Every structure is written in C-alpha cells, then in structure tokens.
Amino acid sequence: MSKKILITGGAGFIGSHVVRQLVTKYPDYQVFNLDALTYAGNLTNLTDVEHRPNYHFVKGDITDETAVNALFAEHRFEAVIHLAAESHVDRSIADPFAFVKTNVLGTVVLLQAFKELWFNNWAGKRFYHVSTDEVYGTLGETGLFTETTPYAPNSPYSASKASSDHFVRAYGETYGMPFVISNCSNNYGPNHFPEKLIPLCIHNILHGKPLPIYGNGKFIRDWLYVVDHARAIDLVFHRGVDFETYNIGGFNEWTNIDLVKLLCQLMDEKLGKPIGTSEGLITYITDRPGHDLRYAIDARKINAELGWKPTVTFEQGLAQTIDWFLNNPEWLANVTSGSYQGYYDKQYNTKDK
Ligand code: NAD
Ligand code: DAU
C-alpha cells in the first residue's frame with residue numbers, strides 16, 4: 001500500500017526514531033519530515049536514513065499557516081503523525097507563550113490544513129497526535145494513569161499539550177476527522193537532548209560537573225526506551241482504532257535520586273572509575289515550581305488490544321543509551337555548544353561559577 005505521510009518534529013529526539021521506524025519498515029510509503037529545526041531539532045539524528053528515496057525533509061514551522069497549507073495542497077498527505085512541540089517543562093515555566101504558540105496554535109494549523117483537504121472524504125485518512133502522560137497531572141503514592149483519567153495539567157507545557165489533545169478530539173467530534181492520540185511516559189535513549197534529566201547527567205558526569213537534583217529527589221517518573229515508543233507509535237498508527245486514545249509506558253517507575261545513582265554506577269563502570277566517583281557529583285537544588293510528584297502509566301490497553309510491550313529492560317536500555325553517548329561525543333558537543341550554554345547557565349544559576 002502506497003501512502004504519503006507527514007511526520008512533524010522528525011528531527012527531534014522521539015521524532016527521529018519514528019522517522020527511522022517508518023522509512024526503513026515501509027519502503028512503499030513516502031515519508032515527509034516537517035521540522036523547524038529549533039534548538040531541539042537536529043538533522044544529524046537522521047544521517048542513516050536521509051538518503052533513502054522514500055524520505056523527504058521540509059524545513060518549516062507548523063505555526064506558519066500559509067506554508068503549511070501550501071505543503072498540504074502540494075502533497076495531499078493521507079496521514080499526519082504529529083510530534084513537533086516545545087517539549088521541556090522547565091523552558092515552559094520560563095516562557096509559556098512559546099508553548100502556546102507551537103503546541104496549541106501549531107496543532108490547530110495542522111488540523112485545519114488536514115480538514116480543508118479531506119473534509120467529508122475521510123476514508124483511509126488519519127491524524128495521529130503524539131502526546132504525553134503529563135496531561136493527567138500528578139499521581140499520589142498509588143494508582144496509575146488510565147485512558148479515562150481526567151485531565152489536570154500542572155505546568156504550562158502540560159497545559160499546552162492537554163489543549164492540543166482537546167483540539168484533536170474536537171476536530172474528531174465536529175468534523176468527523178479520524179484521529180488517534182497516544183499519551184506516553186518519559187522516554188530515554190539515543191539522541192535525547194541534554195536539557196532532560198538522563199542525558200544532562202550523562203553529560204555532566206563526563207565533564208565532572210554537578211548533577212542537579214530538584215527538591216528532595218523523591219519525584220517518580222515511568223521510563224520507556226525511545227525505540228519501544230517508536231514501535232508503539234507504528235502500531236497505534238496502523239492498528240489503533242479511530243477516535244481512541246492509547247496510554248504507553250513501561251511499568252518502570254524510578255525516583256529521580258535512585259535513577260541518578262544507578263546511572264552514576266553504570267557510568268563509573270563504563271569509564272573505569274572507582275564506584276562512587278560520579279555519585280559524589282550529586283547536588284540537591286531548588287525544586288521545580290509545580291513539580292508533579294509521580295507519573296505512572298497503565299499500559300494494559302495497548303498491550304491487550306495491539307499486543308505491544310517493551311522489548312528492552314531498563315538496565316539494557318540505560319546501558320545502550322550510555323554507550324550511544326560515549327560513542328557520539330561530537331553529537332553531544334555540538335548540541336551543548338552555542339545557545340544551550342546560555343539556557344543552562346540561567347536555569348542552573350552557573351554563569352559566574
Ligand atoms: P524534542 O524537543 O526533542 O523535539 C521536538 C522537535 O519539534 C524538534 O525537532 C523541533 O525542531 C521541532 N519543532 C519545535 N517547534 C516546531 C515548530 N514550531 N514547527 C516545526 N517543528 C518544530 O521533543 P521530543 O522529546 O522528541 O518529543 C516529541 C513529542 O513527543 C512532543 O510532542 C512531546 O510532547 C511528546 N512526548 C515526549 C516525551 C518525552 O519523554 N520526551 C514523552 C511523551 C510525549
Ligand atoms: O512524562 C512525559 C514527559 O517527560 C514529556 O512529555 C516531556 O516532554 C519530557 O520532557 C519529560 O518531562 P519531565 O519533566 O518528566 O522530564 P525531565 O527530564 O525534565 O525531568 C525528569 C525528572 O527529573 C523530573 O521529576 C524533574 C527532575 N529533574 C530534571 C532536571 C532537568 C531534576 O531533578 N533535575 C534536573 O536538572
């Protein structure tokens with residue numbers, strides 16, 4: 001079956017793994033990657049697939065209505081897998097408007113362009129919104145997020161993602177647009193941008209810098225290897241039911257402090273340093289405002305209905321992730337130079353240290 005698919009945000013962390021999954025597994029598809037190449041977008045994430053005949057890169061901003069409409073008119077995409085977003089909670093606390101613009105307005109621009117193209121001709125069409133478990137807010141010490149957990153976003157980032165989910169549903173209800181949404185837990189793996197906890201700590205261990213732990217470090221996240229997320233997206237895209245939501249997660253909860261200690265131990269082993277060396281870099285700092293205590297996904301629906309489950313244990317995934325960063329020092333050096341340094345100094349108050 002030949003298909004023209006638009007993937008947005010394909011030069012980012014998760015998007016690049018989704019592009020690779022589809023381009024290599026479905027040679028008959030024409031995969032278009034629309035990405036603005038913000039600080040988080042990086043075409044070197046895709047050097048292994050960029051020469052494939054079924055892959056096409058388009059540099060562009062999803063909030064640019066004229067450019068998006070022209071792209072849809074030219075290529076008549078039958079499906080959209082939408083990942084482009086501002087994705088970092090701390091940046092959303094500093095600059096909420098950027099998140100409203102890309103995550104809310106940008107999503108509506110895409111929905112509207114798709115609707116203008118296919119309204120009343122929806123057979124075989126699909127709009128897939130890749131979303132986050134953060135829309136559900138925070139859990140206490142027990143319980144799991146299910147697909148029916150009420151939305152209660154707590155950060156500007158999660159509020160913008162919740163809003164974009166609502167717009168997707170609204171286009172389904174109002175215009176009959178066939179959609180699927182998936183809400184996933186924290187990803188980790190190769191190409192993870194080092195503003196996020198795991199790659200930030202790997203980078204800082206390599207440079208002997210402090211490992212900043214917000215608050216008491218007892219906050220809990222549910223970690224999933226990014227390639228397993230890309231496989232789940234492939235399954236939901238092809239076999240998910242229209243107008244349905246799927247929660248994706250690894251049943252893999254860790255407190256931040258236990259996770260960072262495990263990472264320190266693995267890094268010491270890999271670097272041939274005495275165990276305990278990296279742990280000595282752990283530094284508790286002021287908490288993130290509105291910091292959600294715990295995320296944990298109930299992934300039984302995607303498991304029961306689509307047969308998905310993670311293929312990689314956390315220990316395997318973390319080891320593979322560390323190996324990837326150790327084998328790609330130029331990737332890490334490139335993305336941490338320039339504007340990232342300014343962000344880091346401001347976020348961690350390190351300018352004059
Ligand atoms: P990322 O920040 O690594 O990548 C985002 C990509 O979107 C970048 O390539 C960037 O250039 C592009 N982009 C940003 N603004 C754009 C715009 N206006 N127009 C076009 N392109 C733009 O993000 P990620 O971590 O890969 O997350 C991808 C998606 O998955 C996001 O929608 C995020 O909300 C969601 N998600 C992420 C996680 C996670 O743990 N990282 C978990 C669940 C869901
Ligand atoms: O749950 C899915 C979400 O996971 C995605 O929707 C987001 O796009 C993604 O960024 C991620 O959000 P988090 O805020 O959970 O990820 P982050 O890596 O920023 O933080 C993970 C935990 O570590 C969180 O409890 C905050 C803490 N932390 C983070 C940083 C950057 C620290 O203690 N110190 C830090 O320096």
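# Close-up views of a predicted model

**View 1. Polar contacts of ligand 2.** An oxygen atom of ligand 2 sits 2.8 Å from a polar backbone atom of L197. The model shown here, like every view below, is predicted. Side chains take part as well. An N or O atom in the side chain of H291 is 2.7 Å from an oxygen atom of ligand 2. For Y348, a polar side-chain atom lies 2.6 Å from an oxygen atom of the ligand. On its own, ligand 2 exposes 690 Å². The protein buries 94% of that area.

**View 2. The shell around ligand 2.** There are 24 residues around ligand 2. T132, D133, Y157, R288 and Y348 come nearest. Two elements, α3 (89–94) and β8 (211–214), give two or more residues each to this shell. The largest share comes from β8, with three residues. Sorted by class, the shell holds 10 nonpolar, seven polar and seven charged residues.

**View 3. Polar contacts of ligand 1.** The backbone supplies the partners in this view. An oxygen atom of ligand 1 is 2.9 Å from a polar backbone atom of N187. At T38, a polar backbone atom is 3.0 Å from an oxygen atom of ligand 1. At L37, a backbone N or O atom lies 3.5 Å from an oxygen atom of the ligand. Taken alone, ligand 1 has 830 Å² of accessible area. The protein covers 96% of it.

**View 4. The shell around ligand 1.** The shell of ligand 1 counts 28 residues. Of these, I14, D35, S87, Y157 and K161 come nearest. Y157 is also among the residues that come nearest to ligand 2. Helices and strands both contribute: α1 (13–25), β5 (126–132), α5 (156–175) and β7 (186–188) each supply at least two residues. The largest share, three residues, is from β5. By class, the shell has 13 nonpolar, 12 polar and three charged residues.

**View 5. The second largest pocket.** Rolling a probe the size of a water molecule over the atoms shows where empty space is left. The second largest pocket has a volume of about 450 Å³. It is lined by 22 residues. Closest to the centre of the pocket are P212, I285, Q347, Y348 and N349. Four elements give two or more residues to the lining: α3, β8, β12 (282–285) and α12 (339–348). The most come from α12, with six residues. The lining has nine nonpolar, six polar and seven charged residues. Some names recur from the views of ligand 2. Y348 makes a polar side-chain contact with ligand 2. Both α3 and β8 also give residues to the shell around that ligand.

**View 6. R294 and its backbone partners.** R294 lies in the loop between β12 and α9 (300–306). Is R294 buried or exposed? Its relative accessibility is 5%, so R294 counts as buried, the limit being under 20%. The side chain of R294 reaches two backbone oxygens. One belongs to G140, at 3.0 Å. The other is that of T142, which lies 3.0 Å from a polar atom of the R294 side chain.

Conventions. Residues are numbered from 1 along each chain as its sequence is written. Chains are lettered from A and ligands numbered from 1 in the order in which they are written. This is a predicted model: local features need pLDDT of at least 70, side-chain atom pairs count only at pLDDT 80 or more; totals for chains, interfaces and linings use all residues. Side-chain values use heavy atoms; hydrogens and water are left out. A residue is near a molecule or strand if one of its heavy atoms lies within 4 Å of it. A polar contact is a pair of N or O atoms within 3.5 Å; within protein, one must be able to donate a hydrogen and the other to accept it, and residues adjacent in sequence count only if both atoms are side-chain atoms. Accessible areas come from the Shrake-Rupley method with a 1.4 Å probe; for residues, only the protein chains shown count as cover. Ala, Val, Leu, Ile, Met, Phe, Trp, Tyr, Cys and Pro count as nonpolar, Asp, Glu, Lys and Arg as charged, and the others, Gly among them, as polar. On a 1 Å grid over the protein atoms alone, a cavity is a set of points where a 1.4 Å probe fits but cannot get out, and a pocket is an open set with protein on both sides within 12 Å along at least five of seven lines; lining residues have an atom within 4 Å of a point. Grid points are joined across faces, edges and corners, and a volume is the space filled by probe spheres set on the points. Buried means under 20% relative accessible area, exposed over 50%, partly exposed in between (1.4 Å probe, protein chains only).
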